[in-house]
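Work through the exercises below with the sequence and the coordinates open. Each task is followed by a solution in steps.

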Amino acid sequence: MAMESLSALLDETLPLNRKERFYTGTVLPGIVCAQLPELARLTALMGWPSVDVRDDPQDCGLVFFTEYGIAESAYGPARARFEGLSTARDTPDVVFLVTRPEPVLFALEAKMFDRPGGGALRKQLDQQLDLLLPLAQRLASWLGVDAVPVVHRALLPPEQMTLHLEPHQAISWSELRDAYAGIAPPYWLAMLDEALNRYVDLVTRALPNDDARLSGQAIVSDFQGGSLPYNFMGRHRGLHGPAMREDITTGTWVSTMYQVAVSDPNNPNWFPIADFVQRVADGQERASTAPAPRANGPRFEDAREDLLDALNAAHWQGMRLLGEGSVLETIKNATDAQLDGIPEGDLRDLAALYRATTAQAIAARAASSDIWSAVRASQSEEPR
């Protein structure tokens, strides 16, 4: 028996297309552009219901593009109009301009089976907005108006609407389907339904843990001010790992960008932000009560030079015995600042220790050479 239904055909013949471009470049236009005056249903979902679009190309008041790239489109006669505008490839999936009753630039970044984290999606939207706003200013000059508003949204499956975006920054494919039920061609609505119904089986499995990335200073300030919407943050090997320990000790936590999330990713690298804020406060308190480093006088400088000379000698012998990359290479590369505040007597004791160890290493190497010389001599005297 021949299969005729779309669902059966997808199950038994060509499987459903998982490419994002199919949904932004084929399915979406098939739904929202079948009857152009009904485009207002989409703009209403995006928060701008008042548009006047017509089918007549001589009086349409619309330019509608999918997969639009300024870099590719600013070509030939159009190049001069785009002079000075960014041609970065961060253009949203769908861009359309409506001119009635007033000019408005609409943009959609759509996802279907690709599943980014909230932070990654928000960054993508921000980059797109950096491209759209200057374009809107140029459109205003071309159209002879003071300004062209930009209405910019993400279009997501219902399962991704929990991504932590700004309020009203996203609409769902389900909302779009419901808005065009009985209006759009049934075939394209059915194709969208098939994608939504098969989402769990076809979605990309990897999901980033983070909802955003913030500097340590922003995390602490917003947390203390009660305006931080996130509860957890991540750092390699967690709050008590070496990376975070170095951040706190050196003070680089202020500018370091950390992953943050609303919900606990259940990952050992993640921890409550409240614990991070407390650890920062503990580190600052210890720093404020620590004794001031002692001044470096002439006797200290002599002791430091003595230690550095001993280090150089030990390093040279270490290179002969241990080769490149030995621990002595790391010790030798210590900066003078790392020696500041160490008591003079300790520096001299370290110098004496390095010199004694170096002398022992030289003696051991000499003894080893004597032994091997004796062995080679005895081997050469053996009868052949």
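The exercises go from the whole chain to the sheet, the core, two helices and some backbone details.

The model is predicted, so local features need pLDDT of at least 70 and side-chain atom pairs count only at pLDDT 80 or more, while totals for chains, interfaces and linings use all residues. Residues are numbered from 1 along each chain as its sequence is written, and side-chain values use heavy atoms, with hydrogens and water left out.

**Exercise 1. The whole chain**

Task: State how many helices and strands the protein chain has, and what share of its residues count as buried.

Solution.
- Step 1. Helices (H or I, at least four residues) and strands (E, at least two) are DSSP runs, numbered from the N terminus. The protein chain has 14 helices and nine strands.
- Step 2. Buried means under 20% relative accessible area, exposed over 50%, and partly exposed in between (1.4 Å probe, protein chains only). Of the 384 residues, 38% count as buried.
- Step 3. The exposed surface of the protein chain is about 21,700 Å², and carbon and sulfur atoms supply 53% of it. Areas come from the Shrake-Rupley method with a 1.4 Å probe; for residues, only the protein chains shown count as cover.
- Step 4. Contact means heavy atoms within 4.5 Å. Among contacts between residues at least 6 apart in sequence, 74% join residues at least 24 apart.

**Exercise 2. The sheet**

Task: Give the strand order of the open sheet and the sense of the pairing.

Solution.
- Step 1. Two strands pair if DSSP finds at least two bridges between them. Five strands give the order β1-β2-β3-β4-β5, with mixed pairing.
- Step 2. β1 (62-66) and β5 (170-172) are the edge strands, each pairing on one side only. From one strand to the next, the twist averages 20°.
- Step 3. Five bridges join β1 and β2 in the antiparallel sense, with Phe65 opposite Val95 in β2.
- Step 4. β2 and β3 are also antiparallel, over five bridges; here Leu97 stands opposite Leu105 in β3.
- Step 5. β3 (residues 104-110) and β4 (residues 150-156) run parallel and are joined by six bridges. Phe106 has Val151 in β4 as its bridge partner.

**Exercise 3. Strand β2**

Task: Decide whether β2 is enclosed or open to the outside.

Solution.
- Step 1. Five of the five residues of β2 are buried, so the strand is largely enclosed by the rest of the structure.
- Step 2. In a regular strand the side chains alternate between the two faces of the sheet.
- Step 3. Val94, Phe96 and Val98 lie on one side of β2, Val95 and Leu97 on the other, and all are buried, which leaves both faces covered.

**Exercise 4. The core and helix α2**

Task: Name the element that gives the most to the largest nonpolar core, and follow its contacts.

Solution.
- Step 1. A nonpolar core is a set of buried Ala, Val, Leu, Ile, Met, Phe, Trp, Tyr and Cys residues joined through side-chain atoms within 4.5 Å. The largest one has 41 residues, of which Tyr23, Val32, Leu42, Phe96, Trp173 and Tyr180 touch the most other members.
- Step 2. Helix α2 (residues 20-32) gives the most, with six residues.
- Step 3. α2 lies across β1, β2 (94-98), β3 and β4, at about 150° to β1. Axes are lines fitted to C-alpha atoms, for helices over the stretch in contact, and angles run from 0 to 180 degrees between N-to-C directions.
- Step 4. Val27 is in α2 and counts as buried, at 0% relative accessibility. Beyond four places in sequence, Val27 is in contact with residues including Trp188, Met191 and Leu192.
- Step 5. Val27 and Met191 are 164 residues apart along the chain, with 7.3 Å between their C-alpha atoms.

**Exercise 5. Helix α9**

Task: Find how the buried residues of α9 are placed around its axis.

Solution.
- Step 1. In α9 (residues 216-225), the buried residues are Gly216, Ile219 and Val220.
- Step 2. Seen down the axis, these fall within an arc of 90°, so they line one face of the helix. The arc is that of the directions from the helix axis to the C-beta atoms.
- Step 3. Gly226, just after α9, takes a positive phi of about 75°.

**Exercise 6. Backbone details**

Task: Locate the cis peptide bond and examine Glu67 and Arg237, which have positive phi.

Solution.
- Step 1. The bond from Arg100 to Pro101 is cis, with omega near 0°. Pro101 is in the loop between β2 and β3.
- Step 2. Glu67, not a glycine, has a positive phi of about 50°. This residue is partly exposed, with a relative accessible area of 35%.
- Step 3. Arg237, not a glycine, has a positive phi of about 70°. Arg237 is exposed, at 54% relative accessible area.
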